[in-house]
Amino acid sequence: MRKRYNAAITALGGYVPETILTNHDLEKMVDTNSDWIISRTGIHERRILNDDSLATSDLATMAVKRLLEDSHINPDEIECVIVATATPDYIMVSTASIVCEKAGLKNAWGVDSNAACSGFLYALTLGASLIESNRYKNVIVIGADANSSIVNYEDRNTCILFGDGAGAVLLEQTEAETGLVDNVFRTDGVGKEHLIVTAGGSLNPSSLDTLDRKQNYISQNGRIVFKAAIEGMTQTCNEIMERNHLEIKDINWLIPHQANLRIIQAVGDKLGLKEDQVKVNIQLYGNTTAATIPLCMWEFKNDFKENDNLLLTAFGAGFSWGATYLKWGKLRG
């Protein structure tokens with residue numbers, strides 16, 4: 001009988017820039033106030049890559065270097081790098097290839113994946129599939145975004161939400177009953193107009209006109225996204241529990257995409273989880289898009305015990321959304 005291999009997370013790394021943009025800073029930039037931002041989003045501050053010489057690959061590289069340092073794995077053992085990002089360094093040349101060079105991963109090939117806020121979960125499943133097939137043994141999956149590069153800091157509806165950051169995980173082959181177990185993903189292009197950057201792609205290339213119209217920045221219909229996110233994340237979490245014969249008492253932790261504290265709380269309440277089972281760090285970093293879930297896992301990794309059941313869930317542009325069931329394993333180092 002052919003052996004069954006699982007893909008377990010055995011190391012993590014994270015990075016956020018040093019520059020802090022607080023709500024009080026934003027009060028000086030747009031017509032808003034800190035109390036309103038906190039009540040509507042739960043965000044107190046966010047980190048910004050305040051250096052024109054740096055980009056998403058630098059955020060990702062720092063997260064990878066921390067992962068390598070903590071895990072003591074030889075960089076030459078890394079065989080593949082998948083970067084989930086909506087803010088690549090370049091339209092042509094993958095951010096993953098730049099990360100491989102900057103992080104010294106000489107034996108790895110790299111590829112990008114873009115599903116915006118859902119990107120890390122999608123990339124995580126792609127990486128796990130490579131390992132489960134027995135073609136690869138060590139894959140790094142990264143969620144990284146420099147959202148400040150596509151945020152209009154004159155738009156009070158969006159500039160309060162987003163920050164920059166990166167999180168990385170090492171997926172390692174194991175025969176133990178730990179690692180990624182299952183996922184439920186959904187995509188519906190009907191929602192694309194409600195969370196989008198309308199210029200810069202092949203349909204509407206960047207031009208003086210698109211820049212003048214501020215079409216190279218994020219635009220969002222907050223009410224529609226808010227409602228759809230709660231419904232989508234709750235639905236896919238319930239679906240994945242049902243098909244894996246899990247009850248809510250079997251779930252140790254929920255790691256949701258950090259888009260809005262009210263969304264996070266609503267999903268946790270609908271699932272029936274206690275407040276302290278839901279991991280939250282949005283107050284410090286805002287919405288870092290593809291980076292939110294790996295940053296959250298990195299920050300709270302010491303809380304997770306071997307064989308804990310984790311639900312990861314996200315909702316993002318596309319619309320794209322889903323949930324992943326993960327059984328926590330033993331970390332390196």
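This passage describes the annotated active-site residues and a nonpolar surface patch in a predicted model.

The UniProt record, an unreviewed entry, places the feature "active site" at Cys-117, His-257 and Asn-287. Although these positions are spread over 171 residues of sequence, they cluster in space, with a largest C-alpha distance of 8.7 Å.

Within this group, His-257 is found in the loop that lies between strand β11 (253-256) and helix α8 (261-271), and His-257 counts as buried because its relative accessibility is 2%, under the 20% cut-off. When residues up to four places away in sequence are not counted, His-257 touches both of the other annotated residues, Cys-117 and Asn-287, and its contacts further include Met-233, Ile-264, Thr-289, Thr-292, Ile-293, Thr-313, Ala-314 and Phe-315.

Asn-287 likewise lies in a loop, in this case between helices α9 (282-285) and α10 (292-299), and with a relative accessibility of 4% Asn-287 also counts as buried. Under the sequence exclusion of up to four places, Asn-287 touches Cys-117 and His-257, together with Gln-258 and Ala-259, and among its other contacts are Ile-43, Asn-147, Leu-161, Phe-162, Gly-163 and Thr-292. Thr-292 is thus touched by His-257 and by Asn-287.

Elsewhere in the description, attention turns to the surface, where Tyr-90, Ile-91, Met-92 and Val-93 make a nonpolar patch of about 520 Å². Of these residues, Val-93 lies in the loop between strand β4 (80-84) and helix α4 (95-103), and Val-93 counts as partly exposed because its relative accessibility is 45%, a value in between the 20% and 50% limits that define this class.

Terms used. Residues numbered from 1 in each chain as written. Predicted model: local features only at pLDDT ≥ 70, side-chain atom pairs only at ≥ 80, totals over all residues. Heavy atoms only, no water. Patch = residues over 30% accessible without salt bridge, like charges linked within 9 Å, V, L, I, M, F, W, Y side chains within 5 Å. Areas by Shrake-Rupley, 256 points an atom, 1.4 Å probe, with all protein chains shown as cover. Salt bridge = Lys/Arg side-chain N within 4 Å of Asp/Glu carboxyl O. Helix = DSSP H or I, 4+ residues; strand = E, 2+ residues; numbered from the N terminus. Buried < 20%, exposed > 50% of the residue type's maximum accessible area, 1.4 Å probe, protein only. UniProt positions renumbered as here; feature names shortened; annotations may be inferred. Contact = heavy atoms within 4.5 Å.
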